[in-house]
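Please follow the chain through its sheet, its helices and its charged side chains. The account below takes these topics in turn, beginning with the salt bridges.

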Amino acid sequence: MSAKVEFKNLIQGNWHILQAIGRIDATNAAAAQTAASAAMDNTNQLALDMSHLEYISSAGLRVLLSLGKKAKKDAKKFVLCGVIGMVKEILEDSGTDMLFEVYNSAADLK
């Protein structure tokens, strides 16, 4: 069974929220990168809502790092929100959570 990820685009105030649903791993990291980069191209403030993400692999972590780098280069804001469960453990264990502003939920975005 191949892993899949879906994305929903939401707008909340000045924030573009990209809600990731499913899993991000080596089988779909390129598609996740493409979807998130496209969302970032259309906003100055992008939040990746991970509250419906079940799993993220090292390939998925590379997507996050790449988005962070792109945001910095383009002088845009990129944050994570809704990081819970196994995904939270993976981000904490890898230290990736320390590289981003992380909000408890999309409702906390300012």
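In this predicted model, a search of the whole structure finds 6 salt bridges. One of them pairs Asp41 with Lys70, whose closest N and O atoms are 2.9 Å apart. The two partners come from distant parts of the chain, since Asp41 belongs to helix α1 and Lys70 to helix α2, with their positions 29 residues apart in the count along the chain. Asp41 has a relative accessible area of 47% and is therefore partly exposed, and Lys70, at 21% relative accessibility, also counts as partly exposed, the cut-off for a buried residue being under 20%.

Another salt bridge brings together the side chains of Lys73 and Asp74, at 3.2 Å from N to O. Here Lys73 is exposed, with 69% relative accessibility, whereas Asp74 is partly exposed, its relative accessible area being 28%. A further pair is made by the side chains of Lys77 and Glu101, again described by an N to O distance of 3.2 Å. Because Lys77 lies in strand β4 while Glu101 lies in the loop between α3 (85-94) and β5 (102-103), this pair ties together parts that are 24 residues apart in sequence. Lys77 is partly exposed at a relative accessible area of 31%, and Glu101 is likewise partly exposed, at 39% relative accessibility. Which residues are joined into one network by salt bridges that share partners? They are Asp41, Lys70, Lys73 and Asp74.

From these side chains we can turn to the strands. An open sheet is formed by 5 strands, which follow the order β1-β2-β3-β4-β5 and pair in a mixed fashion. Its edge strands are β1 (5-12) and β5, each of which pairs on one side only.

Within this sheet, strand β2 (residues 15-24) runs parallel to strand β3 (residues 45-56), and 8 bridges join the two. One position that helps to locate this pairing is Ile21, which stands opposite His52 in β3. Between the two strands the chain passes through helix α1 (residues 29-41), and the resulting β-α-β crossover from β2 to β3 is right-handed.

The next pairing is that of β3 with strand β4 (residues 77-81), which is also parallel and extends over 5 bridges. Leu48 stands opposite Leu80 in β4. To get from β3 to β4 the chain goes through helix α2 (residues 58-73), and this β-α-β crossover, too, is right-handed.

Gln45 stands opposite Lys77 in β4, and Lys77 is the residue whose side chain meets that of Glu101 in a salt bridge.

How do the two crossover helices sit with respect to the strands? Helix α1 packs on the sheet, where it touches β1, β2, β3 and β4, and its direction makes about 175° with that of β2. Helix α2 packs on the sheet as well, touching β2, β3 and β4, and the angle between its direction and that of β3 is about 175°. Returning to the charged residues with this arrangement in view, the reader may look again at Asp41 in helix α1 and Lys70 in helix α2, the pair that links distant parts of the chain.

Technical notes. Residues numbered from 1 in each chain as written. Predicted model: local features only at pLDDT ≥ 70, side-chain atom pairs only at ≥ 80, totals over all residues. Heavy atoms only, no water. Pairing = 2+ DSSP bridges. Helix = DSSP H or I, 4+ residues; strand = E, 2+ residues; numbered from the N terminus. Right-handed = clockwise from strand over helix to strand, strands pointing away. Salt bridge = Lys/Arg side-chain N within 4 Å of Asp/Glu carboxyl O. Buried < 20%, exposed > 50% of the residue type's maximum accessible area, 1.4 Å probe, protein only. Contact = heavy atoms within 4.5 Å. Axes fitted to C-alpha atoms, helices over the stretch in contact; angles between N-to-C directions.
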